Amino acid sequence: MAKNLKVVLLGYMASGKSTVGRVLAERLGIDFIDLDDEIQKNVNKSIPQIFTEKGELFFRKKESEVLNAILDREVDFVLSLGGGTPCYGSNMDDISSKTQNSIYLKLNVGSLANRIAADREQRPLVAKISPDDLPEFVGKHLFERAPFYLRANHTITCDTKTIDEVVNEVTAILL
């Protein structure tokens, strides 16, 4: 495997970035980093608190700052991004310039809506959206975000795959 392996997982909320990332990092014997966790540590507040107290603009600036600090590390890691991270500022350009291992975990609208409905109270962006309206909301968001997600070096369609199958596919890309 390459020296200084930087794997960046991106995709919509509930696409499995953190779950796949943890399993992948363990399998590769490298660090797993969740960008939202790193932002929360940096600011010493939860993501909902940051949005409420400081606003989205502050959050997005901090997100870019923390993202670039991670990408500049000289260690191997698997990084799970927030669903919107690739879509703001120069984040996708920064990712593309610092690693050739960006991987879009792609799911269809129905799969995502079903996953999100199961725990939407924990997701501030969709907490107040009814389950019936989720597919339309997700579809609109995916349409807006697809041009950013599709800039990843690799795309894995995950709808019918198990976590192990996705991890195996990512591992095959990296080897």
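In this note, contact means heavy atoms within 4.5 Å. With that settled, here are some points on this predicted model, starting with the core and working outwards to a few individual residues.

1. **Ile 116 and the core.** The largest nonpolar core holds 51 residues, and Leu 79 and Ile 116 are the two that touch the most other members. Helix H4 gives the most to this core, with five residues. Setting aside residues up to four places away in sequence, Ile 116 touches Tyr 12, Met 13 and Ala 14, then Arg 123 and Val 126, and finally Leu 134 and Val 138.

2. **Helix H6.** Ile 116 belongs to H6, which spans residues 109-118 and has Ser 111, Leu 112 and Ala 113 as its other buried residues. Helix H7 (134-149) is included in what covers the buried residues of H6. At the N-terminal end, Asn 108 acts as the cap: one of its side-chain oxygens lies 3.1 Å from the backbone nitrogen of Gly 110.

3. **Leu 107, just before that helix.** Leu 107 sits in the loop between strand S4 (102-106) and H6. Is this loop residue buried or exposed? Leu 107 counts as buried because its relative accessible area is 5%, and the cut-off for buried is under 20%. Beyond its neighbours within four places in sequence, Leu 107 is in contact with Ser 15, Leu 112, Arg 115, Leu 142, Cys 158 and Asp 159. If you like C-alpha distances, Leu 107 and Ala 146 are 11 Å apart in space and 39 residues apart in sequence.

4. **Phe 59 in helix H4.** Phe 59 has its place in H4, residues 56-71. With a relative accessible area of 3%, Phe 59 is buried. Which residues does Phe 59 contact, leaving aside neighbours within four places in sequence? They are Asp 36, Ile 39, Ile 47, Ile 50 and Phe 51. For Ile 47, twelve residues away along the chain, the C-alpha separation from Phe 59 is 8.1 Å.

5. **Lys 62, also in H4.** Lys 62 lies in this helix too, and you may want to look at its surroundings. Its relative accessibility is 14%, so Lys 62 counts as buried. The side chains of Lys 62 and Glu 65 are joined by a polar contact of 3.0 Å. Not counting residues up to four places away in sequence, Lys 62 touches Ile 39, Asn 42 and Val 43. Ile 39 therefore appears in the contact lists of both Phe 59 and Lys 62, given the definition of contact used here.

Conventions
Residues are numbered from 1 along each chain as its sequence is written. This is a predicted model: local features need pLDDT of at least 70, side-chain atom pairs count only at pLDDT 80 or more; totals for chains, interfaces and linings use all residues. Side-chain values use heavy atoms; hydrogens and water are left out. Helices (H or I, at least four residues) and strands (E, at least two) are DSSP runs, numbered from the N terminus. Buried means under 20% relative accessible area, exposed over 50%, partly exposed in between (1.4 Å probe, protein chains only). A polar contact is a pair of N or O atoms within 3.5 Å; within protein, one must be able to donate a hydrogen and the other to accept it, and residues adjacent in sequence count only if both atoms are side-chain atoms. A nonpolar core is a set of buried Ala, Val, Leu, Ile, Met, Phe, Trp, Tyr and Cys residues joined through side-chain atoms within 4.5 Å.
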